[in-house]
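Reader: I would like the reasoning behind the labels in this model. Take me through them one at a time.

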Amino acid sequence: MELAWAAVGMAAGTVIGAAMSGTVFRLSVPRGDPPRTRCPACGAPVPRWLPLRCRQCRSRLSTPLAIELATGAVLALLLGRFGGQPDMIALGFLGAVGVSLAAIDISVQRLPDALTLPAYPVLVILLTVAALIEHHAGALVRALAGSLVLASVYLVLAVLRPGQLGGGDIKLAGLAGLALGWLGWPAVVTGAALGFLLSAVVSLGLLAARRITLRSQICFGPFLLAGALIAALAVG
Ligand SMILES: [Zn+2]
């Protein structure tokens, strides 16, 4: 762990998180609804750089510092581990997008295409640049294969157990698979396994605490992303 890089990650993540909080606000809507652009309380337009409170009616628009601190923490971990390497921007990019996706999934149980789909070409380009710098075309091919494998695993599981996993989870798995595949097959396997393990542990805890029932659906995106993050840090 490079402390200097971790500090850079924390600072950059806090700023990026502040910039992303507007996107999280806009996309935290039920499936099929248009992105939110107005204050839910008074209808006043909300600026792109989301303020904490509506400028007109002063009602709260976002949880103070939640996205900022979470993005800062994730980038501190990722840059502390990968700082100075050609792939740090690619991995940091996915980390920042991942925090926003997890926040949206927790609040409205969906992973919007508006965020996952554009992240694919960006991540592929960033990994291609890293592959060119490292003269490592094999890692790029493995990233694409990892994406295909992880998305396929989730697709099969979604077909076998409809209602538990959705299309958003499959697309997110493909995105995480790009980064994990880049880092190697052990990272792909570990990341996938940890996602399911974390989800199972938390579900059992919530069941025991009677916060959910066996019929409840809990969002899977945050577990998939947390599993991928731990795998990247531990075996990447
Ligand atoms: Zn308002």
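Reader: Why is F220 called buried?
Author: This is a predicted model, and in it F220 has a relative accessible area of 8%. Buried means under 20%, so F220 is buried.

Reader: What makes the pair of F220 and F223 tilted?
Author: Their ring centres are 6.4 Å apart, with the planes at 55 degrees. A pair needs centres within 6.5 Å, and planes neither under 30 nor over 60 degrees apart count as tilted. Both values fit, so the pair is tilted. Both F220 and F223 are buried.

Reader: Why is F196 called partly exposed?
Author: The relative accessible area of F196 is 29%. Partly exposed lies between the 20% and 50% limits, so that label applies to F196.

Reader: How many aromatic pairs are there?
Author: The count comes to four. One of them joins F196 and F220, at 5.2 Å centre to centre and 40 degrees between the planes. That angle is not under 30 and not over 60, so this pair is tilted.

Reader: What does the pair of F196 and F220 tie together?
Author: F196 lies in helix α7 (residues 185-208), and F220 in the loop between α7 and α8 (221-235). The pair therefore ties together parts that are 24 residues apart in sequence. Ring pairs also link Y154, F196, F220 and F223 into a cluster.

Reader: What makes the site of the zinc ion tetrahedral?
Author: The angles among its four donor atoms run from 105 to 113 degrees. The rule asks that all angles lie between 85 and 135 degrees, so the site is tetrahedral. The ideal is 109.5 degrees for four tetrahedral donors.

Reader: Which atoms count as donors to the zinc ion, and why?
Author: The SG atoms of C39, C42, C54 and C57 coordinate it at 2.3 Å. The cut-off is 2.8 Å, so they count as donors. Along the chain they follow the spacing C-x2-C-x11-C-x2-C.

Reader: Are C54 and C57 buried or partly exposed?
Author: C54 has a relative accessible area of 4%, so it is buried. C57, at 32%, counts as partly exposed.

Reader: How do you know that the charge of R36 sits over the ring of F25?
Author: The charged end of R36 is 4.1 Å from the ring centre of F25. The distance limit is 6 Å. R81 likewise lies over the face of F82, at 4.5 Å from the ring centre.

Reader: Which residues touch the most other members of the largest nonpolar core?
Author: L127, L150, Y154 and W182 do, in a core of 53 residues. Helix α6 gives the most to this core, with 10 residues. A second, separate core of seven residues includes F25, C39, A44 and L61.

Methods:
Residues are numbered from 1 along each chain as its sequence is written. This is a predicted model: local features need pLDDT of at least 70, side-chain atom pairs count only at pLDDT 80 or more; totals for chains, interfaces and linings use all residues. Side-chain values use heavy atoms; hydrogens and water are left out. Donors are N, O and S atoms within 2.8 Å of the metal (3.2 Å for Na, K and Ca); water is not among the atoms, so sites may look incomplete. Four donors count as tetrahedral if all angles lie between 85 and 135 degrees; four count as square planar and six as octahedral if opposite donors are over 155 degrees apart and all others between 65 and 115; anything else is irregular. Buried means under 20% relative accessible area, exposed over 50%, partly exposed in between (1.4 Å probe, protein chains only). Rings of Phe, Tyr and Trp (its six-membered ring) pair if their centres lie within 6.5 Å; planes under 30 degrees apart count as stacked, over 60 as edge-to-face and the rest as tilted. Helices (H or I, at least four residues) and strands (E, at least two) are DSSP runs, numbered from the N terminus. A charge sits over a ring if NZ of Lys or CZ of Arg is within 6 Å of the ring centre and within 35 degrees of the ring normal. A nonpolar core is a set of buried Ala, Val, Leu, Ile, Met, Phe, Trp, Tyr and Cys residues joined through side-chain atoms within 4.5 Å.
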